[in-house]
Every structure is written in C-alpha cells, then in structure tokens.
Amino acid sequence: MIDWGNRLSPLAQNVPPSGIRRFFDLAETMEDVISLGVGEPDFVTPWHIREAGLYALERGMTSYTANAGLLSLRIAIAEYLRTRFGLHYSPGTDVLVTVGGSEAIDLALRVMVRPGDRVLIPEPTYVAYRPLIQLAGGVPLSIALRPETGFRLAAEDLLAAAELGARTIILCNPNNPTGAVIDRLGLERLAQVIEKLDLLVICDEIYAEILYGVDYTSLASCSGMRERTVVVGGFSKAFAMTGWRLGYACGPDVIIQSMLRVHQYTMLCAPVMAQMAALEALDTGLADVSVMVAEYDRRRRLIVHGMNALGLPTSDPQGAFYAFPDIRSTGMTSNAFAEDLLVRAKVAVVPGSVFGRPGEGFVRCSYATGIDQLEKAIERVRQYLRAGGG
Amino acid sequence: MGPEHEKDLLKLLQENAKLSYETLATMLGEEVETVRQRVESWEQDGIIRGYAAIVNWDRVDEDRVTAIIEVTVIPQRSVGFDEVARRIYRFPEVQAVLLLSGSYDLQVVVEGHRIQEVARFVSERLAAIDFIQSTTTHFILKTYKVDGVVLEDGDDDQRLVITP
C-alpha cells in the first residue's frame, strides 16, 4: 500500500475542495433543472471568430507560436488596451498571451508572491484566488466587503488592513460574484493607499467589457499604479470564448518577463488557432460584444426586478452577468438555501459563501441564460418561497 | 421613450411577440403603461401589422410546397410595378411579393399543396397577368432558417450546470 498522505504534495493536498463541486454533482443527477449557476456566456462565439479559428487550421497553423504569443496578437492587445482604457504596454516586453485568464492569475501569483507573503483578497470574490495563493506559497488574507457599500472595496477598508502586513492584493473588477464595479474616483483613492502600503496588485479585469451604463477605469491607469499592477484580461467573457482558453497579462516588463519564464516551461504557448481567433475578435468583434451586452442588460433588469419583487433585495449590478440577491430574510444559510432551492424548485444558484465568508447570506444568480429560462426560474423561486421555502 | 428604446422594443417583439408588457417594460427600464401605449399606437398606425408564430411546416404538413418565382415585367406607360404587384398579391396563395433590383423584377413566394397546384397557379394565374413577360419557378426543397430563426434542431446547451 502506498501511503499517499506522505507521498503527495502537502500544498496540493491542502487545497480545499471547491464549494461548487457538491452542487454540481447534485444538479447533474437531476432533470429539468434551470441553471442560474453558469459562470460563462450562453452565446456561442460569434461565427466570424470561429471561422478565423477554422481558417487557421485549414492553413495548417498547427505549430507552437512564440512563448509570449503571436506578436501580431500582442500588438492588437496593446492597441486595444490603449484605445479602450488608456493603458500603455509595449507588445515586445509587457504583454503575455496565456491559456485563459486563469493561467495569467496563476503565473502572476507565482512570480509576485514569495514564500509566506500575505496576499489580500477582498471577498466575496472569484473562487480561484485563495487556492492559487496557497499553491504559490502565500497566505491569503480576506478583507470582508459589506453589502452596505455594495461590496465595493473602499480606501478605508484597505487602510484598516494595513496592519496585516500584506504585500500583494488581488482585485476582481468588475466583480464576480457581485457585479459591482469600482469607479474611477474609488480606484484613485485605493491607488493612494496601495502606494502608501507599497502593495503589488493583480487586477482581474476579465469582465471589463460587460458593463451597464458605467464607464470603466482600469486600476492600472490610476496614478502610480502601472509600475505595480498586473492587468489580467481575456476573451472568454466579452467574446463568448470560454472554451478557447485564451487570456493575457500586461504589466511592468520585469514582472511579465518573469511570468514568461515560468510560462515557457509550463505551457510553452497558448494554442495557435485560439490566438488567430482572438486576433479576429479584437479586429472586428467589438460590435458583437455590444450586441451581447445589450442582451445581458435586458436580462439583468428582468432578474433584478424579479428578485426584488419576491422580497429578495438585489442591487443593480453594474458589470459582469451576475445578480447577487440577499436571502437573509429566509433565515437560511446561503448553502442551505441553494441546496433546498435546487432540490425543491429545481433552480440552481451558487451560494455566496463559496466566494468567501463575507458572501454568506447571498446567492449568485447568473443571467447568462435566455429570457424564457429566466422568467421560468423566477416563477419557480416565487412558488418555492410561497410554499414556505426558506 | 427614446427612439433607441422604440427600436429595441420592436426588435424584442419581432423576436418574441409573446413577451408581456410587464416583461418588456422591465427589460427596457420603462413604465408598463408607456410600453402598452407605444405598442397599441404602432398597432393602430400599421407599423405592427400582426403577430404570428414561426412554424416549421416541414414537420407538420408533408404535402405543403413553397415556390419562389422570379417574375420579369414589361414596363408600360401608366402601369407601374405597383399595379402589377397588387394584381399578384391579391391571390391568397401568394405569401410574399418583393420588388428587386437586378436581373428580374418581382419575387413572388407561393404556397400550395403538391407541386401540381403551384404549377397550375403559375401557368394559369400568374403568367396570364398582363405585362408579365416571364416567370422562373424555384421549388423550395428544405428550409434551414427563416426570419432569423434556425429551423433545424440545434445542439442543447453544452455548458456545465454550475461553473465558477
């Protein structure tokens, strides 16, 4: 018998199991479930982008690319970030094409975290940061965001965390799971504290294209931030390209080149056909994005209105495609509520607590699903609540 | 309601005319009453000409045939295309009539039971109209997409039920 407990890496063994996994297993066994639990667009990648990927294959583009990604794609990314967000990165040294935004976050943490370094994560936030910090040898420290401030990180919250002695912070803006967006003023105030505390920043901007009536500011464009920030972006959410696995990181050359050093051994390069499709997306795909965002916007109004009408207070998300209803009035934990709702009403939502303890009392509802499904789901929740659910 | 929202409202109705005024109003961030009044005024103005289901007849009625007929018209003084088009569209078997640029003038969509019925319509009714010079009939073999709606059964949602 092999004693696996003594053979496998303690780092890997200490990664906590995903809080979503259990719901996934349960939902998988059930029929006729309406899922508001999906963290990806319901749109298929626009045809001209798919076609660009196919054409790359037809032309026999099946080999490795430069480790950092095709230069033409890096130029397009730099140009996109410049025109869209006023960010300035040199395609030769400051841009790295990765296998999804996920790889970019992993690489950034591996490069920016020294053993035992403390890393701040304002929660609720995307589920991957905590385990990736641990795998990188760091110590995750939560900053509890509050519903009263719309789950937005404020400069005061960050100042209060000064004594924790953290060296890095990961921001998800626009936020998964709350849909909150920190505006320019809020970011400028945060930037002052970040500089004062001498923090490095990983800013996950994967949802930056999915906004509702607000202007987007990248933290990296705030004063003093470019030199200490890695911006993570990607094609998955904006262009409905999750399965292509293509993202990027941009930042100071010293960080990006260190990330490249790890990337060239672990990944070598991102898939070439996905890179060709991404090039097409940046070239002519932004019109498709606005069509999809307009559609998300209508669904957003529908679900926010629906949940509020059911007595589950839900604020207007300004970005991404998640609503974050407050279910505290049911007296249940978000975990118990989500499980009960799934079993009894066949509607899948994600308990807020999987996004960190400060998400307790809330559930994440993705509205990346068709109008008819959304209406049906709201009706099911209505019947569930009326039948004394919660 | 601004002009952009008006267009959005029409597009939403065109995609799914069964959406309630309440749902439409919520989706657009407008008052229910505003949406109701707007739609009713479009109905009165004839901007909205009706509401219909998009039916995949291939699955229901195997005898049903549809033909697209290219019609060329001899231009005549005092009889414009409009008059010829009117003579054509008054036949109930005619589903659509369009005036086109290019190598022929009118495109006529005709529906009937069995090929013979449509053929008889073309030879006895359509070709007999004054000023029609020629007709070319194309029978539709299969309809893949109509009015923006794909009629083939697509793949189900491939996404996992719950993802982070």
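This report describes the fold of chain A, one of its strand groups, one of its helices, and its contact with chain B in a predicted model.

**Chain A as a whole**

Chain A contains 14 helices and 12 strands. Its C-alpha atoms occupy a box of roughly 60 × 60 × 55 Å along the principal axes. A compact globule of 390 residues would have a radius of gyration near 21 Å, and chain A, at 21 Å, agrees with that expectation. Of these 390 residues, 51% count as buried. Among contacts in chain A with a separation of 6 or more, 75% are between residues 24 or more positions apart.

**Strands β5 to β8 of chain A**

The strand pairings and one facing residue pair for each are set out below.

| Strands | Sense | Bridges | Facing residues |
|---|---|---|---|
| β5(A) (residues 168–172) and β6(A) | parallel | 5 bridges | Leu171(A) and Cys203(A) |
| β6(A) (residues 200–204) and β7(A) | parallel | 4 bridges | Ile202(A) and Val230(A) |
| β7(A) and β8(A) | antiparallel | 4 bridges | Val232(A) and Ala249(A) |

Strand β6(A) is largely enclosed by the rest of the structure, because 5 of its 5 residues are buried. Leu200(A), Ile202(A) and Asp204(A) point one way from this strand, while Val201(A) and Cys203(A) point the other way, and all are buried. The buried set in β6(A) thus includes Asp204(A) as well as Val201(A).

Strand β7(A), residues 229–234, is likewise mostly covered, with 6 of its 6 residues buried. On one side lie Thr229(A), Val231(A) and Gly233(A), and on the other Val230(A), Val232(A) and Gly234(A); both faces are covered.

Gly247(A) belongs to strand β8(A), which comprises residues 247–250. This glycine counts as buried because 25 other C-beta atoms lie within 10 Å, where the cut-off is 20 or more. Leaving aside residues up to four places away in sequence, Gly247(A) touches several residues of β7(A), including Val232(A), Gly233(A) and Gly234(A). The contacts of Gly247(A) also include Phe235(A) and Ser236(A), as well as Thr98(A), Gly100(A), Gly101(A), Glu103(A) and Ala104(A). By contrast, 32 Å separate the C-alpha atoms of Gly247(A) and Gly361(A), which are 114 residues apart along the chain.

**Helix α12 of chain A**

Helix α12(A) covers residues 286–309; at 1.5 Å a residue, its 24 residues should span 34 Å, and its end C-alpha atoms are indeed 34 Å apart. Its buried residues include Met292(A), Tyr296(A), Leu302(A), Ile303(A), Val304(A) and Met307(A). Also among them are Asp297(A), Arg299(A), Arg300(A) and Arg301(A). Within chain A, the elements that cover these buried residues include β9 (322–323), β12 (363–366) and α14 (371–386). Helix α2 (21–28) of chain B is also part of this cover. After the helix comes Gly311(A), with a positive phi near 85 degrees.

**Chain B and its contact with chain A**

The domain assignment of chain B gives domain 1 (3–45) and domain 2 (57–142). The centres of these two domains, taken over C-alpha atoms, are 34 Å apart. The contact between the chains takes 22 residues from chain A and 11 residues from chain B. On the chain B side, these residues divide into 5 nonpolar, 4 polar and 2 charged.

Notes:
Residues are numbered from 1 along each chain as its sequence is written. Chains are lettered from A and ligands numbered from 1 in the order in which they are written. This is a predicted model: local features need pLDDT of at least 70, side-chain atom pairs count only at pLDDT 80 or more; totals for chains, interfaces and linings use all residues. Domain bounds come from an automatic or database domain assignment. Helices (H or I, at least four residues) and strands (E, at least two) are DSSP runs, numbered from the N terminus. A residue is buried if 20 or more other C-beta atoms lie within 10 Å of its own, exposed if 12 or fewer, and partly exposed in between; C-beta atoms are placed from the backbone. Two residues are in contact if their C-beta atoms, placed from the backbone, lie within 7 Å. The radius of gyration is taken over C-alpha atoms; the globule rule is 2.2 Å times the number of residues to the power 0.38. Ala, Val, Leu, Ile, Met, Phe, Trp, Tyr, Cys and Pro count as nonpolar, Asp, Glu, Lys and Arg as charged, and the others, Gly among them, as polar. Two strands pair if DSSP finds at least two bridges between them. The expected span of a helix is 1.5 Å times one less than its number of residues.
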